[in-house]
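Student: I should like a close look at a single part of this structure, namely a sheet and what surrounds it. Please describe it in one connected account.

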Amino acid sequence: MLINKEMKMADVIHLNHHLLPIINRFGIQLGFGERTVQEVCKDYAVNLDFFLEIVNTFHDPSYFPLRHLRSFAPGMLIDYLQKTHLYYLKIKLPEIAQYIRQLTTNTDMDPNHVQLLQDFFTSYESELSAHINREEQRVYPYIRTLEKALQTGAVMTDYPASEAYTIHHYEEEHDDVESKLFDLKNIIIKYLPSPVESRLFNIILHELFELEKDLNNHAHIEDLILVPMVEKMEKELIKAKSNQ
Amino acid sequence: MARLNILCIESSFLLREGLKTLLGQMGKPFSMEECDVAVDDLVKVLRKAKPQLVIANPDMLTAIGAFPREMPECDHRIFYTGLVNEQTADKAKARFDFLLPVHADKLSLSRRLEEILTAIFGKTADSETGTLSERELSILKHIALGLTNSDIGEQLFISPHTVMTHRKNITRKLGIKTVSGLTVYAILNKLIKVEELQVSDRHEAQL
């Protein structure tokens, strides 16, 4: 079932509570009362169509209105992607790290095992952060420059003649970080001896699954919307340049 | 258990959903990449999806020459299943490894899928149990200590290519893809000691 603007926001959460962090990313908080999606978006000054596309893309991975979503300004999309980055770096990763730290107080777990888990997570954390930083420092500014050049009609003199960063470089980078998260889950599920009191283990695993789902959606949006959007801008700029 | 990656090339939404429902009842974890338009560059699509199994409508692959069974990017063979009906020409059917008649009833469809999955995974039955052979254990140990494929090959008198094949099998059996993940596994299973690792790290730092 797709989410539409007439639905009550409260019903959206009843339908799929995993959407809550996504909705929070738009600055929208709980306490919706009887207000509809449209009304809530208006209250928070959120672009309704963009909101609907993002929540539906997350809610149903097979939903993909490419034509529609690509019609939004790149800047708006980047703003959203940057908010998800902040969510990973400032909220989700520290939260999981905190849970793993709590394992050290668990007396029936081998401290060496906790250390192994902690080290592995730390290295995952730094790889994900490095990947995010690359996007923030290279990819997004590059896209904003393209957008600006197209708006002002200015010709980017260094593009594409110089070895400027083109979007193709970036498509390839997603794999390795994904593998590490995959391994981390399997290590916990299959190989790490669980303490008798496994509540914390379950929480950590649950958080990793949630993070993975969120990251997949994020990569999905980047690969299927952002990349084609930028390729289109690159082509337009090359055309503008050759017309000169 | 390794997850089965499927690429489905079929324009009918109902057929794709129906396939997912049936596959979901087979009890084998899978993920399905869906493509609802005719494909003219199959290699590109395969590179992205890295499927073990392609389930496709023959009419949507008419622009394609031979179906690639092996690809450098994939560590497994790719199998092809054709979604066929009464009108499908024999010539089109012959290109596939397996056929799935779309108008068959549920029971025969499930049986057919079962046969297909067994044909793909049956031969590598031991890979599902996760038990590593002696040779694989020894290679895993070397990987965990941070050695490269050619280092390992030299020490064990096998070619780097053979090391690579073993590595792929280890990854498939254990469900662990990265070197650091394999290292954690090796320590947890007492194949190596943490101290050994620190020594080899220091060794690396000196180089």
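**The sheet of chain B and its surroundings**

Tutor: In this predicted model, helix α1 of chain B, residues 13-24, lies across four strands of that chain, namely β1 (4-9), β2, β3 (53-56) and β4. Relative to β2(B), the helix runs at about 170 degrees.

The strands belong to an open sheet of five, ordered β2-β1-β3-β4-β5 in chain B, and the pairing is parallel. At the edges stand β2 (30-35) and β5 (98-101) of chain B. Each of these two has a single partner strand, so one side of each is left without a neighbour in the sheet. On average, and with direction ignored, neighbouring strands of this sheet are turned by 20 degrees against each other.

The edge formed by β5(B) can be followed in more detail. Its pairing with strand β4 of chain B, residues 79-84, is in the parallel sense and extends over four bridges. Within this region, B:Leu83 stands opposite B:Leu100, the latter in β5(B).

Beyond the sheet, there is also the contact between the two chains. Chain A contributes 13 residues to the contact and chain B eleven residues. On the side of chain A that touches chain B, the elements giving two or more residues are α7 (111-152) and α9 (175-191) of chain A. Of these, α9(A) gives the most, with eight residues. By class, this side of chain A has six nonpolar, four polar and three charged residues.

Technical notes: Residues are numbered from 1 along each chain as its sequence is written. Chains are lettered from A and ligands numbered from 1 in the order in which they are written. This is a predicted model: local features need pLDDT of at least 70, side-chain atom pairs count only at pLDDT 80 or more; totals for chains, interfaces and linings use all residues. Two residues are in contact if their C-beta atoms, placed from the backbone, lie within 7 Å. Ala, Val, Leu, Ile, Met, Phe, Trp, Tyr, Cys and Pro count as nonpolar, Asp, Glu, Lys and Arg as charged, and the others, Gly among them, as polar. Two strands pair if DSSP finds at least two bridges between them. Axes are lines fitted to C-alpha atoms, for helices over the stretch in contact, and angles run from 0 to 180 degrees between N-to-C directions.
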